[in-house]
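I opened this one today with a notebook beside me. Here is what I looked up, in the order I went through it.

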Amino acid sequence: MAGSLPPLVEPAAELTKEEVARYSRHLIIPDVGMDGQKRLKNAKVLVVGAGGLGSPALLYLAAAGVGTLGIVEFDVVDESNLQRQVIHGQSDIGRPKAESARDSIAEINPFVTVNLHQVHLSSDNALEVFSGYDLILDGTDNFATRYLVNDAAVLLGKPYVWGSIFRFEGQVSVFWEDAPNGQGLNYRDLYPEPPPPGMVPSCAEGGVLGVLCASIGSIMVTEAIKLLTGIGEPLLGRLMVYDALEMTYRTIRIRKDPESKPIEGLIDYDAFCGVVSEDASAAAAGSTITPRELKEKFDRGDNFTLIDVREPHEFEIVRIPGSTLIPKDRILSGEALADLPQDKQIVLHCKSGARSAEALAALHKAGFADAVHVGGGVLGWAREIDPTLPTY
């Protein structure tokens with residue numbers, strides 16, 4: 001066990017009469033008390049992402065009285081976000097998420113200062129953005145940004161709370177390379193290598209139970225409060241895994257990876273994680289058609305077969321008329337190759353283009369040299385060709 005760590009933040013000079021009234025339920029907990037609440041008031045916490053995990057995290061950090069909150073977010077609110085991203089509402093659709101989050105925070109706690117960082121976090125700006133904060137919460141949903149957050153936190157000596165979610169499972173841990181008592185760990189001790197591209201589906205591909213975000217986001221805030229005030233046993237050196245269907249929480253020890261090399265600077269994280277595999281990007285390079293070009297092929301009566309490489313439950317939500325479902329894994333394993341026609345061109349598509357590029361590389365290798373895929377997938381088709389179709 002990590003044991004208690006010293007508080008990250010010095011206490012603020014005082015709490016006003018209004019603040020005492022507002023935070024009274026904290027103040028009467030002996031472990032928090034006036035001292036702990038003053039530390040929260042003095043704390044500066046940066047939340048990366050105002051999406052599934054960032055939404056509950058920001059709401060509860062604000063309610064708890066963290067004095068300064070930073071939000072890194074460049075996306076806009078989409079209707080599909082509202083199933084889990086509870087900091088945004090119906091009237092925020094189309095607005096920048098950072099601004100929508102700021103307005104919700106002001107409604108919950110006007111004593112919180114909110115800094116917006118409406119940028120795409122990158123190796124060029126991460127150190128500058130992180131430098132003004134005591135603690136980072138990472139609520140991002142892709143490996144490239146997670147490694148970037150980790151490495152920037154290591155270089156600046158800052159602790160961060162990490163969470164991830166997928167379908168019915170969530171994970172949380174605390175990483176802090178410079179933790180006292182030689183307890184230092186970072187994300188690369190848990191995941192020394194990123195998974196191969198296409199191996200781990202994103203929430204957009206695999207889905208997530210909306211309320212799981214609340215379970216994991218609230219644990220992340222609990223860890224942040226413990227670190228800021230110096231109470232309890234933080235999750236440093238432990239990975240907490242939550243299974244919502246089994247309703248189990250279990251913790252797994254994380255140890256320092258003896259092979260790990262010191263982090264000396266920020267790198268190109270998209271390249272490091274190979275967001276799309278080299279084979280897929282090479283296959284897609286000369287063999288991508290637009291949704292409009294697909295429509296023209298239908299209109300001309302071209303001789304081709306349209307294959308949808310998504311999963312059956314996605315095919316039920318929405319499909320391009322005339323398509324046949326063959327899930328990507330059946331193509332990658334080679335099992336479906338015998339079912340494909342040899343005498344006509346094959347056109348592949350998925351939700352937005354990433355999975356169909358992976359399948360396209362496999363088809364090219366198997367000798368289907370003229371196969372192409374649809375950039376933008378069924379979402380592109382719905383957007384550009386048939387707006388009556390639902391999107392997901």
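**Entry 1: H12 and H16.** I began with helix H12 (residues 278-285) and helix H16 (residues 354-365), whose axes come within 8 Å and cross at roughly 80 degrees. At that angle H12 is roughly perpendicular to H16. I noted who touches whom: H12 brings Asp279, Ala280, Ala283 and Ala284, while H16 brings Ala357, Glu358, Leu360, Ala361, His364 and Lys365. Sorted by class, this contact of H12 with H16 has 6 nonpolar, 1 polar and 3 charged residues. A reminder to myself: this is a predicted model.

**Entry 2: an open sheet.** Next I traced the sheet that holds S9, S10, S11, S12 and S13. It is open, its 5 strands go in the order S9-S13-S12-S10-S11, and the pairing is parallel. Which strands stand at the edges? I found S9 (288-289) and S11 (323-325) there, each with a single partner strand, so one side of each has no neighbour in the sheet. Inside the sheet I checked one pair: S10 (residues 304-308) and S12 (residues 345-349) are joined in the parallel sense over 5 bridges. Ile307, for one, has Leu348 of S12 as its bridge partner.

**Entry 3: helix H13.** Then I turned to H13 (residues 291-300) and asked which of its residues are buried. They are Pro291, Leu294 and Lys297. These buried residues cover an arc of only 110 degrees around the axis, which puts them on the same side of H13. I also looked at the face turned away from that buried side, and it carries the exposed residues Asp299 and Arg300. What covers the buried residues of H13? My list includes S9, S10, S12, strand S13 (372-374) and helix H17 (377-384). Just after H13 I came to Gly301, which has a positive phi, near 75 degrees.

**Entry 4: H13 against H17.** Since H17 was on that list, I looked at how H13 and H17 pack: the angle is about 80 degrees and the axes are 9 Å apart. H13 is therefore roughly perpendicular to H17. On the H13 side I wrote down Pro291, Arg292, Leu294, Lys295 and Phe298, and on the H17 side Gly380, Trp381 and Glu384. The residues of this contact of H13 with H17 divide into 4 nonpolar, 1 polar and 3 charged.

**Entry 5: strand S4.** I moved on to S4 (residues 135-138) and asked how its two faces fare. Both are covered: Leu135 and Leu137 are buried on one side, Ile136 and Asp138 on the other. Then I followed its partners. Strand S1 (residues 44-48) runs parallel to S4 and is joined to it by 4 bridges, with Val45 standing opposite Leu135. Strand S5 (residues 160-166) also runs parallel to S4, joined by 3 bridges. There, Ile136 has Tyr160 of S5 as its bridge partner.

**Entry 6: Pro234.** Last, a single residue in a loop. I found Pro234 between helix H10 (212-229) and strand S7 (238-243). Is Pro234 buried or exposed? Its relative accessible area is 3%, so Pro234 is buried. I also looked up how Pro234 sits relative to Phe175: they are 59 residues apart in sequence and 9.9 Å apart in space, C-alpha to C-alpha.

Note on methods. Residues are numbered from 1 along each chain as its sequence is written. This is a predicted model: local features need pLDDT of at least 70, side-chain atom pairs count only at pLDDT 80 or more; totals for chains, interfaces and linings use all residues. Side-chain values use heavy atoms; hydrogens and water are left out. Two strands pair if DSSP finds at least two bridges between them. Buried means under 20% relative accessible area, exposed over 50%, partly exposed in between (1.4 Å probe, protein chains only). The arc is that of the directions from the helix axis to the C-beta atoms. Contact means heavy atoms within 4.5 Å. Axes are lines fitted to C-alpha atoms, for helices over the stretch in contact, and angles run from 0 to 180 degrees between N-to-C directions. Angles under 35 degrees count as roughly parallel, over 145 as roughly antiparallel, 65 to 115 as roughly perpendicular and the rest as oblique. Ala, Val, Leu, Ile, Met, Phe, Trp, Tyr, Cys and Pro count as nonpolar, Asp, Glu, Lys and Arg as charged, and the others, Gly among them, as polar.
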